[in-house]
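Me: I'm new to this one and could use a patient guide. Could you pick one part, take a close look at it, and then let the rest of the picture grow from there?

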Number of protein chains: 2
Amino acid sequence: MSLRVFAPAPLVPGAEIVLDDDESHYLSRVRRAVPGDAIDLLDGVSSRHGGEVVAIEGRRCRVRVGAAIDLPEPTPLVLVLGLPDVGAAIESIAVACELGATQIALVRAARTPGVAPTTDRVARVVRAAQRQCGRARPPELAGPLALAEALAQVHTPFRRVATPGASPLDDRAPQGAGTALLVGPEGGLTPAEAADARAAGFVPISLGPWTLRTPTAVAAGLALVRAR
Amino acid sequence: MSLRVFAPAPLVPGAEIVLDDDESHYLSRVRRAVPGDAIDLLDGVSSRHGGEVVAIEGRRCRVRVGAAIDLPEPTPLVLVLGLPDVGAAIESIAVACELGATQIALVRAARTPGVAPTTDRVARVVRAAQRQCGRARPPELAGPLALAEALAQVHTPFRRVATPGASPLDDRAPQGAGTALLVGPEGGLTPAEAADARAAGFVPISLGPWTLRTPTAVAAGLALVRAR
């Protein structure tokens, strides 16, 4: 399993960096890295480099920055997420990071329960997901917004609503130029919200006959729209 | 959101049933159902019926069984799961239930850490997933098995290995007759395990360029193989 740590930009190949407390703790205590171990360095913004552990100095780790790793330029993949409860929202955001969402718009839908996750908590889960999955560039986050606001900000040519119902897959869509996926909260979109989504160009895709939890719908929906 | 409760087979339309303690507690305390509320009744084995809450009698709920609900006959969808840690294994099994896996074979892979979830815990998570998603028939469970044993039990015509790598999707597979999906544990399959899978007819599919957690790979992989 790759050892991935964060260090502030700019990452300059050949330079040595002393990691901050959190990253040093993660590398030397949690992952038990030792000098000579290969690592990945993320600046958290746009770059990923190779690297190596040079020394453990007390509580701090010194690392050497390696060459930049060339990563695929992502196709726009927007998730418009009708917020479920906080736990499911956090899990949905983590899943969307892993599956390559380039933007995530959090929406207060009619059936969204109570509170949204805090900006800090969302930032922490995105960072953990980047460490897990190796993405150099985090998704852009917006919201919580009203559904109409979020729909007005979607500029991709292809737009899908993932529902737990059994509507047929729309197989006519050409590929590649960017897709937005709208997933409702647990409890679903209201008929008025579904009508607004249709008016904004969203068409339904089926995720099968069973009622999914929101994170499962996000994973299945993103996998499907990305593959087409 | 549907109110789904379990009652032992046979479910006879028109009959009244007093639910057991757990189901009564769930219905009246957790979901705060009242007489007259519509419910779904699952026998946990193969049937789902409509129904109605008749009365709350102390700690117990009396319900009336309604008509059987006709559910789609599932296409065989086998998940061969290289066991990750217990938490991720439980989450992967829940996700596989929601997305329609008809069989789940748990595998002790070379990189499987420590212990497997207990049979009791697996049964509880399957039941919770049935309650969540509305499936009448739970997936058949097998294992933990050695990988070779599990591979020998796969009889579907289409076989896929979901990897975190960027191998191209195999688009030549015809649809419908049943698919098996092999997902490795976190850390992946070893080269020897991957060779055994190829020898058993499994071909790789891509889930994108990023390293996925096992439950995310299960959700994305099942969504993809089911759609083709």
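Reply: Let's start with Arg124(A), which sits in helix 3 of chain A, the helix made of residues 119-133. Keep in mind that what you're looking at is a predicted model.

How crowded is the spot around Arg124(A)? There are 13 C-beta neighbours inside 10 Å, so Arg124(A) counts as partly exposed. From there, hop to Ala94(A): the two residues are 30 apart in sequence, and their C-alpha atoms lie 9.9 Å from each other.

Now for another helix. Helix 2 of chain A covers residues 86-98, and Gly87(A) belongs to it. Because Gly87(A) has 11 other C-beta atoms within 10 Å, and 12 or fewer makes a residue exposed, Gly87(A) falls into the exposed class. If you follow the chain 55 residues from Gly87(A) you get to Ala142(A), and between their C-alpha atoms there is a separation of 18 Å.

Those two helices also matter for the next stop, the place where the chains touch. Chain A and chain B put 26 residues each into the contact. On chain A, helix 2, helix 3 and helix 6 (214-227) each bring at least two residues to the side that touches chain B. Helix 6 of chain A gives the most, with seven residues. Sort that side of chain A by class and you get 15 nonpolar, seven polar and four charged residues.

How do the two chains sit relative to each other? A turn of 180° with a shift of 0.0 Å along the axis lays chain A on chain B, with an RMSD of 0.0 Å. The two copies are therefore related as by a two-fold rotation axis. To find that axis from chain A, look for Ala220(A): its C-alpha, at 2.5 Å, comes closest to the axis of the residues of chain A. The copies meet through the same surface, because 100% of the interface residues of chain A are interface residues in chain B too.

Last, hop over to chain B for its sheet. Five strands make up an open sheet there, in the order 1-3-4-5-2, with mixed pairing. Strand 1 (4-6) and strand 2 of chain B are the edge strands, each pairing on one side only. On average, neighbouring strands of this sheet are turned by 40° against each other, direction ignored.

Strand 5 of chain B (residues 60-68) is a good one to trace. Strand 2 of chain B, residues 16-18, pairs with strand 5 in the antiparallel sense over three bridges. Along that pairing, Ile17(B) stands opposite Val63(B), and Val18(B) has Arg62(B) as its bridge partner. Strand 4 of chain B, residues 48-57, also pairs with strand 5, again antiparallel, over seven bridges. One of the pairs to look for puts Gly51(B) with Val65(B), its bridge partner in strand 5. Strands 4 and 5 of chain B form a hairpin with two residues between the strands, and in that hairpin Gly58(B) takes a positive phi near 65°. As a general point, strands of a sheet pair through backbone hydrogen bonds, either parallel or antiparallel.

Terms used
Residues numbered from 1 in each chain as written. Chains lettered and ligands numbered in written order. Predicted model: local features only at pLDDT ≥ 70, side-chain atom pairs only at ≥ 80, totals over all residues. Helix = DSSP H or I, 4+ residues; strand = E, 2+ residues; numbered from the N terminus. Buried ≥ 20, exposed ≤ 12 C-beta atoms within 10 Å, placed from the backbone. Contact = placed C-beta atoms within 7 Å. Nonpolar A, V, L, I, M, F, W, Y, C, P; charged D, E, K, R; others polar. Least-squares fit on C-alpha atoms with pLDDT ≥ 70 in both. Pairing = 2+ DSSP bridges. Axes fitted to C-alpha atoms, helices over the stretch in contact; angles between N-to-C directions.
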